[in-house]
Amino acid sequence: MLLVLAAAIYLRFKAPPEAARLLPESDGILYVNLRPLRALVHKNLKPVTRAPDYQQFIDGTGIDWERDLDEAAIALHRMADPRGPNGPVAYSMVLVGKVDGKRVAAYFEQHSNGKEIYAGKTIFSVPSEGRTVRIAQIGYDMVAVSNNPGAEQIHSIIDRHRTAALPFSGSTLLAEHYSEMPILSLAWGMGQIGLPFTENGSIQVLGMSLPLPPDTTFLASVHWAGALKLRVVEIADTDTTASSQAATLNLLLSVAKAATAGLAPTAANNGLKEVLRTAEISQHRNRVVANATLPQSLPIALLNEPAPESSADSGDKK
């Protein structure tokens, strides 16, 4: 009996987080555990000025995601028409945190333009910027959200929730790559996670265009190994391609180091410089691996960084 219990605990420990296992089939997955991040930064964050719509949401539901969100798992879905209302990527999400079910239901009853009962769960349809966002509370601490054109993805999340006790259930992408994620990862991504950063057919990072097609498969993680470590793996089609990509990315790394050398000594800029200083890029067969150390002060610096002024607020007013 003890052996069976030990085996069950081991399998549960090795299994992906439940929020990620509930996601539907997708082109990419992003996951973040906000509990340790909140413990690290909450005492050092500056007060946030909330948009009126978000404040209305907080007042109506009692949910403040900055305070109440513990985990977020996001599935990325490539859209056949990148010029459609969803743009190149739609998403499906499972959010875990403190949820007042009655207040949430009452709020969306008022703000939705329709609802559906599926497998005993109420799915609200909320109009947003020319598309429909579907929202359902699927557990006492779980909310599913999807802005896909159809309801298939949120139906899949609800179906998976009924079999969530199976430790290795989940999407094909998750089953294929989760075993490669480092233990104690606070955040990770897999698949075509460059999709949200694509512009004009290339992936843009820190204002630089990477020589990688947007459908490149990546494995990325932020994990604890004596310090916060960033690890990004590109899976190339051949060893030769990986060798070429590693050489090009090492050249871009040198360019980035030179370009950031003269940045003003702010906390965020100093953190970025430290990431670039510790970054190492290597090749292992058909994989290009980048490793770097993240200063613990960097998340605080980035979250406290003032938002750039829009042209309307930058002194152009007559």
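1. In helix α4 of this predicted model, the residues Phe-57, Ile-58 and Thr-61 are buried. These three cover an arc of only 100° around the axis, and they therefore lie on the same side of α4. The partners against which the buried residues of α4 pack are α5 (65–68) and α6. Just after the end of α4, Gly-62 adopts a positive phi of about 80°.

2. The pairing of α4 with α6 deserves a point of its own. Two packed helices are described by the angle between their axes and the distance between the axes. Here the axes of α4 (residues 52–61) and α6 (residues 101–111) come within 8 Å and cross at roughly 130°, and the two helices are therefore oblique to each other. On the α4 side the contact is made by Gln-56, Phe-57, Ile-58, Asp-59, Gly-60 and Thr-61, while α6 contributes Arg-103, Val-104, Tyr-107, Phe-108 and His-111. Sorted by character, the residues of this contact comprise five nonpolar, four polar and two charged.

3. Turning to the interior, the largest nonpolar core holds 29 residues, of which Ile-29, Val-94, Ile-138, Leu-174, Trp-188 and Met-190 touch the most other members. The element that gives the most to this core is helix α7 (residues 152–161), with three residues. A second, separate core has 17 residues, including Ile-63, Leu-95, Val-104 and Tyr-107.

4. Which residues does Ile-29 touch, if those up to four places away in sequence are not counted? They are Leu-23, Ile-74, Ser-171, Leu-173, Leu-174, Trp-188, Gly-189, Met-190 and Ile-193. Among these, Leu-174, Trp-188 and Met-190 are also named with Ile-29 as touching the most other members of the largest nonpolar core.

5. A charged residue, Asp-70, can be followed in strand β2 (residues 69–78). Is Asp-70 buried or exposed? Its relative accessible area is 18%, under the 20% limit, and Asp-70 therefore counts as buried. When neighbours within four places in sequence are left aside, Asp-70 is in contact with Val-32, Asn-33, Leu-34, Arg-35, Arg-38, Val-96 and Gly-97.

6. The last point concerns Ile-183, which sits in the loop between α8 (172–177) and β8 (185–191). With a relative accessibility of 53%, Ile-183 counts as exposed, because that class begins over 50%. The C-alpha atoms of Ile-183 and His-223 are separated by 7.2 Å, although these residues are 40 residues apart along the chain.

Terms used. Residues are numbered from 1 along each chain as its sequence is written. This is a predicted model: local features need pLDDT of at least 70, side-chain atom pairs count only at pLDDT 80 or more; totals for chains, interfaces and linings use all residues. Side-chain values use heavy atoms; hydrogens and water are left out. A nonpolar core is a set of buried Ala, Val, Leu, Ile, Met, Phe, Trp, Tyr and Cys residues joined through side-chain atoms within 4.5 Å. Buried means under 20% relative accessible area, exposed over 50%, partly exposed in between (1.4 Å probe, protein chains only). Helices (H or I, at least four residues) and strands (E, at least two) are DSSP runs, numbered from the N terminus. Contact means heavy atoms within 4.5 Å. Axes are lines fitted to C-alpha atoms, for helices over the stretch in contact, and angles run from 0 to 180 degrees between N-to-C directions. Angles under 35 degrees count as roughly parallel, over 145 as roughly antiparallel, 65 to 115 as roughly perpendicular and the rest as oblique. Ala, Val, Leu, Ile, Met, Phe, Trp, Tyr, Cys and Pro count as nonpolar, Asp, Glu, Lys and Arg as charged, and the others, Gly among them, as polar. The arc is that of the directions from the helix axis to the C-beta atoms.
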